[in-house]
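This report walks through selected parts of one protein structure. Please have the sequence and the 3D view open while reading.

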Amino acid sequence: MTAKDALEYAKKNNAVACDIKFMDFLGTWQHFTIPMSEYDEALFEEGSGFDGSSIRGWQAIDASDMLVVPDPKTARMDPFCEEPTVSLIGNIIDPITKEEYSRDPRNIAMKAEAYLKTTGIGDVAYFGPEPEFFVFDDVRYSISQQHSFFHIDSREAGWNSGREEEFGNLGYKVRNKEGYFPVPPTDTMQDLRTEMVRLMEQVGIRVEKHHHEVATAGQAEIDMRFLPLVEMADSLKWFKYIVKNVARKHGMTATFMPKPLFGDNGTGMHTHQSIWKDGKPLFAGDGYAGMSQLAMHYIGGILKHAPALAAFTNPTLNSYRRLVPGFEAPVNLAYSSRNRSAAVRIPMYSPSPKAKRIEVRFPDPACNGYIAFAAMLMAGLDGIQKKMDPKQPLDKDIYSLSPEELKDVPSMPGSLEAALDNLAKDHEFLLQGDVFTKDVVETWIEYKTTNEVDQMRLRPHPYEFQLYFDA
């Protein structure tokens with residue numbers, strides 16, 4: 001779609017406003033809206049100015065002027081605006097140099113795609129994330145000098161089996177770890193998820209299926225059809241936007257926080273990946289699980305760099321509440337066919353070469369998709385270029401193995417601080433082709449350390465009172 005096409009699209013849909021969205025450094029959509037009198041071809045050439053110092057992790061106040069230039073290919077009608085509004089995703093440009101901004105996540109993703117082509121290895125990298133999420137009826141939290149708490153509630157949660165509700169308790173609660181695929185009335189969110197899917201399709205997302213997930217209290221999953229890296233990162237933002245706004249429309253609230261509940265499964269984002277060239281899949285072969293040697297080297301790169309990747313794929317303090325044994329989260333860095341306890345799984349649903357892919361299971365949906373997908377691609381390409389050996393597959397239930405059996409199996413970092421330390425030590429692979437810059441890596445580590453790791457250190461945790469108040 002060209003700029004003229006985007007203008008005609010808005011006119012055809014009777015748009016009265018244009019909403020321009022862009023991604024901040026950490027992964028949250030920001031936006032502003034302009035009237036149709038300002039929606040012209042010049043907008044797609046010159047962009048629109050904004051204050052970059054007000055965006056997390058971006059410019060200092062003495063160099064705050066920035067431009068956002070909308071990408072005409074991303075034009076969609078926003079399904080939540082009362083007045084017809086065309087929505088576009090923008091790229092961030094420096095107004096002085098006219099260069100693409102190094103800390104713009106979408107720019108990083110576009111550079112990763114371009115780098116893949118320059119290597120000659122392939123010409124497209126497909127990504128297919130499976131974002132899980134919770135939909136709650138009530139969420140309250142407060143942090144102050146003398147108190148801290150959170151309180152979550154859900155009508156379908158197992159802990160409410162004895163609750164007296166307005167018209168009586170109807171039972172059919174979801175027990176811990178028993179939320180995978182029950183039909184209504186146990187699954188209370190069938191229609192809610194279907195409404196989400198219909199709106200996703202309305203903005204051009206192809207959905208393969210939706211279902212209740214393993215945990216109690218409204219955990220869900222909606223699976224999107226794979227797309228090239230940047231297109232999928234765009235779609236992931238629409239995905240989150242739609243999930244959150246549909247939930248809110250029904251007086252509920254959705255979260256992609258990795259581990260909001262103690263004692264049940266957290267929320268992951270298993271990410272399927274493959275590389276193609278000239279319309280042919282490069283991961284299919286005659287090796288283990290029907291994979292090519294190139295695919296095995298890609299796996300080798302993912303496993304080698306996983307402790308550093310975690311800083312982007314599992315970028316929150318809360319991410320490491322999920323990455324613990326016993327809740328289907330891959331802690332140990334191994335690969336396998338079919339085995340869901342491995343960090344990298346090779347799906348075996350179909351023998352078709354076109355279906356050959358890997359599934360990286362440690363990411364969670366709190367990540368910035370543009371950055372996380374780009375980082376994983378760079379790790380895989382590094383593995384291919386250096387012919388990294390992923391070693392032997394681990395076709396066992398990893399959680400049942402003894403410490404002796406696991407002693408030679410590396411593991412994911414146990415905290416965000418450890419992940420950031422690993423990124424500081426291992427990031428040269430990200431700098432190839434100027435995809436990531438040192439400034440991006442250093443700013444990410446500094447921001448996360450100062451605003452998250454250090455701030456958590458300062459605050460007592462409620463569980464500490466249970467452990468230590470009578471010391």
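## Val207 and strand E10

Val207 has a relative accessibility of 15%, so it counts as buried, the limit being under 20%. The model in which this value was computed is a predicted one. Val207 is part of strand E10, which spans residues 207-212.

Along the chain, 16 residues separate Val207 from Asp223, yet their C-alpha atoms are 5.8 Å apart in space. Asp223 is also among the residues that Val207 touches once those up to four places away in sequence are set aside. The others are Val197, Met200, Ile222 and Met224.

## The second largest pocket

Strand E10 also helps to line a pocket. This pocket, the second largest, has a volume of about 760 Å³. Its lining is made up of 40 residues. Those that lie nearest the centre are Glu130, Asp223, His272, Arg345 and Glu359. Asp223 is thus both a contact of Val207 and one of the residues nearest the pocket centre.

Which elements give two or more residues to this lining? They are strand E7 (124-136), strand E10 (207-212), strand E11 (219-224) and strand E14 (269-277). E7 supplies the largest share, with six residues. By residue class, the lining holds 17 charged, 13 nonpolar and ten polar residues.

## The largest nonpolar core

In soluble globular proteins, nonpolar side chains tend to be buried together. In this model, the largest nonpolar core contains 120 residues. Met196, Ile302, Leu377 and Phe436 have the most contacts inside it.

Phe436 can serve as an example. With neighbours within four places in sequence left aside, Phe436 is in contact with Ile108, Phe312, Ile371, Ala374, Ala375, Met378, Leu430 and Leu431.

## Strand E1 and its partners

Strand E1 covers residues 17-23, and seven of its seven residues are buried. Is one face of E1 covered, or are both? Both are: Ala17, Asp19, Lys21 and Met23 are buried on one side, and Cys18, Ile20 and Phe22 are buried on the other.

E1 pairs with two strands named here. With strand E6 (residues 85-93) the pairing is parallel and has five bridges. With strand E2 (residues 29-35) the pairing is antiparallel and has seven bridges. Asp19 takes part in both pairings: its bridge partner in E6 is Ser87, and in E2 Asp19 stands opposite Thr33. E1 and E2 form a hairpin, with five residues between the two strands. In the turn, Gly27 has a positive phi of about 130°.

## Two more buried residues

Phe283 sits in the loop between strand E15 (280-281) and helix H6 (293-313). Is Phe283 buried or exposed? Its relative accessibility is 0%, so Phe283 counts as buried. Apart from neighbours within four places in sequence, the contacts of Phe283 include Gln273, Ser274 and Ile275, as well as Lys356, Arg357 and Ile358. Also among them are Leu294, Ala295 and Tyr298. Phe283 and Ala355 are 72 residues apart in sequence, while the distance between their C-alpha atoms is 9.0 Å.

Asn107 belongs to helix H3 (residues 105-119). Asn107 counts as buried because its relative accessibility is 2%. Leaving out neighbours within four places in sequence, Asn107 is in contact with Glu100, Tyr101 and Ser102.

## Backbone features in loops

The loop between strand E9 (148-153) and helix H4 (190-202) contains Pro185. The peptide bond that leads from Pro184 to Pro185 is cis, with omega near 15°. Tyr172 lies in the loop between E9 and H4 too. Tyr172 is not a glycine, but its phi is positive, at about 50°. At 53% relative accessibility, Tyr172 counts as exposed, because the limit is over 50%.

Ala217 is in the loop between E10 and E11. Its phi is near 65°, a positive value in a residue other than glycine. Is Ala217 buried or exposed? Ala217 is buried, because its relative accessible area is 0%.

Conventions: Residues are numbered from 1 along each chain as its sequence is written. This is a predicted model: local features need pLDDT of at least 70, side-chain atom pairs count only at pLDDT 80 or more; totals for chains, interfaces and linings use all residues. Side-chain values use heavy atoms; hydrogens and water are left out. On a 1 Å grid over the protein atoms alone, a cavity is a set of points where a 1.4 Å probe fits but cannot get out, and a pocket is an open set with protein on both sides within 12 Å along at least five of seven lines; lining residues have an atom within 4 Å of a point. Grid points are joined across faces, edges and corners, and a volume is the space filled by probe spheres set on the points. Helices (H or I, at least four residues) and strands (E, at least two) are DSSP runs, numbered from the N terminus. Ala, Val, Leu, Ile, Met, Phe, Trp, Tyr, Cys and Pro count as nonpolar, Asp, Glu, Lys and Arg as charged, and the others, Gly among them, as polar. A nonpolar core is a set of buried Ala, Val, Leu, Ile, Met, Phe, Trp, Tyr and Cys residues joined through side-chain atoms within 4.5 Å. Buried means under 20% relative accessible area, exposed over 50%, partly exposed in between (1.4 Å probe, protein chains only). Contact means heavy atoms within 4.5 Å. Two strands pair if DSSP finds at least two bridges between them.
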